[in-house]
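Reader: I'm new to this, so please go slowly. Could you take me up close to wherever a search for cavities leads, and then show me what the rest looks like around that?

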Amino acid sequence: MTGKDITFVAKVDSTGMLRKPNIKWLKGKWMDLGSKAGKHLQFKETYDRNSKVYTYEMSIIKVVDSDAGGYRCEVTSKDKCDSWTFEVTVEAVEETQPTNILEAFKRTKPKKEGGEAGEDEGDLDFSVLLKKREVKVEEKEEVDVWAILAAAKPCDYEKIAFEYGITDLRGMLKRLKKMKRFEPKKSDAFLKKLDDLYSVEKGKRIQLCVEVADPNAQVKWLKNGQEIKPSAKYVFESVGNLRKLTINKCNLSDDAAYECVVGEEKCFTEIFVKEPPVTITKPLDDMHVVVGDKVEFEIEVSEEGANVIWMKDGVEITRDLTRYRIKKDGKKHMLVINEATKDDIGLFSVFTNGGHSESDLEVEDKELEVLQSIADLTVKAAEQAMFKCEVSDEKVTGKWFKDGVEVIASNRIKMTHTGRIHKLTIDDVKPEDAGDYTFVPDGYALSLSAKLNFLEIKIDYVPRQEPPKIHLDTTGSMVNKNTIIVVAGNKLRLDVEITGDPAPTVSWKKGDKEITEAEGRVRVETRKTLSSFVIEGAERSDEGRYTITVINPAGEDKAELTVKIVDVPDPPEHVKCTGVGEDTATIIWEAPKFDGGAPIKGYLMERKKKGSQRWTKLNFDIHESTTYEAKKMIEGTLYEMRVFAVNGIGISQPSATSKPFMPIAPTSEPTRLLVEDVTDTTCALKWRPPERLGAGGIDGYIIEWCKEGETEWVQANEQPVDKNSYRVRNLPVGEKLLFRVFAVNIAGRSPPATLQQAVTIREIMEHPKIRLPRQLRTKFIRRVGEKVNIVIPFQGKPRPSVSWSKDGQPLDPKVVNVRTSEVDTILFIRSSEREHSGKYTLTVQIENMEDKATVEIQIVDKPGPPVAVTVTDVWGFNAALEWQPPKDTGNCEILGYTIQKADLKTKEWFTVYEHNRRPSCTVSDLVMGNEYNFRIFSENLCGLSDEAGVSKNKAVITKTGLIQKPPSYKEMDMSRSPKFITPLVDRCVIAGYNAAISCAVRGFPKPKIVWMKNKMIIGGDPKFIMQNNQGVLTLNIRKPSLFDGGKYTCKAINDLGEDEVECRLEVRVISHQSK
């Protein structure tokens, strides 16, 4: 009622929810009422900790007419959603009718004191007049004036008001209007209208149905005011008084208002199309980054334009947080962190209304890696000294120090930073430049040091002949005496100083093979006092012992060197997963075959989800063992692993990717384990699947048994069974046995489900019993040609013997097929014939105990035609017919006859009677002067007979002396002279384009048409085509030129006269100007 308060209550069970659910109160389709809270709309929320139930209340204070309509309450929590709709109808408060009708129209004082009251404000008050008059009012029977007014016509309102003393006609009309507003309108066209609201899921089918009063009424269906046409999507049905509209494969465009129109009456409804939940097709990947790296989380969803919510550690990420950027690209949704910090470590989640995905973000401190350290240098005076180092980060800056004092740049000393390379260059080296040089990167506890040695050249007296001498520098890349280690791929240049007078000859050998090349990857470069051995891009084959020999007349010298090539190790081999847990996996691998010439320090591991291209590091510190347990994985997700080997030189290439593996846990135990059947050597068990399956699902079940009091369990099945039942065979007779069942998946066996009590292995005798279905307890009727498939279950132990008979005789297996199992028997006839009709008896027998059931099968067909159809009497416009029933009834009762008539003039058959029960009838309303034949069809369960019985004689309806006088008509003279009703019109055409001129003429006899150009008759020129179509004359001119311009005349001539029309045709030429 208007003016009253109303409260709606919704209760939500939060058992199993991780966080508080969200609730929305909506009006109509999209109006959120939460934003309209105030004095009129109030919301309340309570929580019961004991029952874990949230109670939500919405109160409407002092209901008004605008509060009427459809409402919806929606509750969401993570990927779950539920809703409930309800309708609110507002009615006006019923006014109490006073005993005296005049008291309802007293003029009362307006509510606001001092305000100016209008003419119609307040109610009428005749109390002053009544007090002055002392007239006794006779008691009369109470009359409901409002009922009289409501039933009366508007033209009678004034008369009724005068009769019952109503003076405020305006107030009376207002009240009548209110009364009529709330009266339910009775529909003459509809017996049942459409509901106010329908809801359907996207892609599903919905059917709208109304019931009309007139079974022949035509209806129109409208969508948003536009009429709907029948199609594959919109299907109309008309069954009796029902009118149905079926909408197939609903989409969002079908979310609209619909109307059903019958004549002038309409009924309305509204369809809401629910969208399916948006699922995540590409989930998040775990991320492992270092401080300062860019992080980009990316997912793909099933629908474009879907709304997703990003959360970090359970807190929603909004666009107000400038650290995070949320992007959308079609079905892709991204969360970007430009520079990761330690504060970003945590669990990032993304939610849609149909699922969610999670990802762990781990941020490690950034470590600076030295790719190339600075080396000691020995230079001579005036030469250039250059220290060079390379670090892993291009953005890192640093400072150079000499003996602990920062180096200052000058014209002679220069410091450069290019990418990851830092250089210190000293030109024109002097003795004071010698010392310890150090490079310190900014922001890192790291320093690189090297020594600069200054070489002084002293000029001493040298005798004329001096034996050759090899001066080897054992510093730098020499790890021990005469051994040089070179990293594979690097360049080796060994400069050997040679002294001797006269200048000695130099010879380099690897083993017994002399090296003579002056160019190439391995070469020897010789100068006066220096011999250089160079290897470009060192390879493993360059490893070995090298010999340098110098000879001059004063003697010879010889030195041996060992070159050792070191490289990153080969990748580890045979990476595989040996075990999984709910969120863990154990990975093993084999060490690389070649360690690169340096001991293996450890291994680095990476993993990724199958199908993803992003690898996640699992460890930053070197793992020394060849076994690793990966943690923090998502159950049910396929992962792949790869391993890197690390030695003193660097990191190897990644190993081959392991086979995909899935972290899963065993299921819970099976439930409701029961004994279904017991025999002398078998026991049939059945059970229900586990309550918790996990991501691994179920591969099957293992059944075991043991004797009561013993602990040794025997496995009954070699391979897991898929079904939830199993018969254990070959059991010891008479023993008491216990049974248990395991669920098996890739993670192993579940806890067992065990019978509480032992089972004695001994068969229980059970009397045979036939469970005859209800539909077979009466006559079983089928048409000829249809298949007969009868399934009858039975029970009994041990397995009973089953036999069938027909009318007391055994069944012929060539005619009827019978298949029998342990629990039922099937009688099957592929194509039934009348001969299959009869009583079929089923007998189930165990030793001397048996049970029987009888099924009566009746095969029916269409009947034959009636016989001896005769016209027995004719009188007036009537004819009497009689016939005999058909000889062939189709093996069932004749339900009636259909009678048709045909007169000898038209010989068209018309139905006179249908479903006539008697073998006789009287045909009326025959036409005088016609002769009639009759035919009759018989009808049974299968329908009308294929042939009809035709009457042997005819019914002649004779005339009764009526004579027809046909009226006389004067034939109209159609002759007339030619007359053009449509003239020719002047035209201007373009040269080279076909043109046509036309006109229309009327005349009888048909006139002869002559076309002329400039008063010259157009003959058989193929350029002109003349057409005459029902008096419409057309002259087609093919590609006219300037010569074809002029005056054209069309002349029509017949015996009664002639007429002509003419027009002027102008031909223009379009000139094309080249640019």
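Author: What follows starts with the cavity search and then moves out to the rest of the chain.

First, some ground rules. This is a predicted model, so local features are only reported at pLDDT of at least 70 and side-chain atom pairs only at pLDDT 80 or more, while totals for chains, interfaces and linings use all residues. Residues are numbered from 1 along each chain as its sequence is written, and side-chain values use heavy atoms, with hydrogens and water left out.

Now, the search. It turns up two cavities of 30 Å³ or more in the whole structure. A cavity here is a set of points on a 1 Å grid, over the protein atoms alone, where a 1.4 Å probe fits but cannot get out. Points are joined across faces, edges and corners, and the volume is the space filled by probe spheres set on them. On that basis the largest cavity comes to about 50 Å³.

Who sits around it? Lining residues have an atom within 4 Å of a point, and for the largest cavity they are D285, D286, R607, K608, K609, R614, T616 and Y639. Sorted by class, that's six charged residues, one polar and one nonpolar. (Charged means Asp, Glu, Lys and Arg; nonpolar means Ala, Val, Leu, Ile, Met, Phe, Trp, Tyr, Cys and Pro; the others, Gly among them, are polar.) The top contributor to this lining is strand β47, residues 600-609, which supplies three residues. Helices and strands are DSSP runs numbered from the N terminus: H or I over at least four residues for a helix, E over at least two for a strand.

Let's zoom out. The protein has 86 strands and four helices. Its C-alpha atoms fill a box of roughly 175 × 125 × 100 Å along the principal axes. The radius of gyration, taken over C-alpha atoms, is 54 Å, whereas a compact globule of 1075 residues would be near 31 Å. That globule figure comes from a rule: 2.2 Å times the number of residues to the power 0.38. Buried residues make up 35% of the 1075, where buried means under 20% relative accessible area, exposed over 50%, and partly exposed in between, with a 1.4 Å probe and protein chains only.

How far can you trust it? pLDDT is the predictor's confidence per residue, from 0 to 100. The mean is 84, and 91% of residues reach 70 or more. Confidence bottoms out in helix α1 (residues 127-132), at a mean of 46, and peaks in strand β85 (residues 1046-1054), at 94. Two stretches drop below 50, and they make a nice pair: residues 96-106 still have 28 contacts beyond near neighbours in sequence, but residues 128-140 have zero. A contact means heavy atoms within 4.5 Å.

Long-range contacts are worth a look too. Of the contacts with a separation of 6 or more, 62% join residues 24 or more positions apart. Take Y198 in strand β9 (residues 197-201). Y198 counts as buried because its relative accessibility is 15%. Its partners beyond four places in sequence include I206, T269 and F272. The C-alpha atoms of Y198 and V273 are 8.7 Å apart, although 75 residues separate them along the chain.

Compare D393, in the loop between β28 (385-391) and β29 (398-402). D393 is buried as well, at 14%, and touches K366, L368, R420 and Y444 beyond four places in sequence. Still, D393 and M415, 22 residues apart in sequence, lie 18 Å apart C-alpha to C-alpha.

Last, some backbone oddities. The peptide bond from F1004 to P1005 is cis, with omega near 0°, and P1005 sits in the loop between β80 (995-1004) and β81 (1008-1013). K62 isn't a glycine, yet its phi is positive, near 50°; at 58% relative accessibility, K62 counts as exposed. N730 does something similar, with phi of about 55°, in the loop between β55 (725-728) and β56 (736-745).

Definitions and conventions:
1 Å grid on protein atoms, 1.4 Å probe; cavity = no way out; pocket = protein on both sides within 12 Å on 5 of 7 lines; lining within 4 Å.
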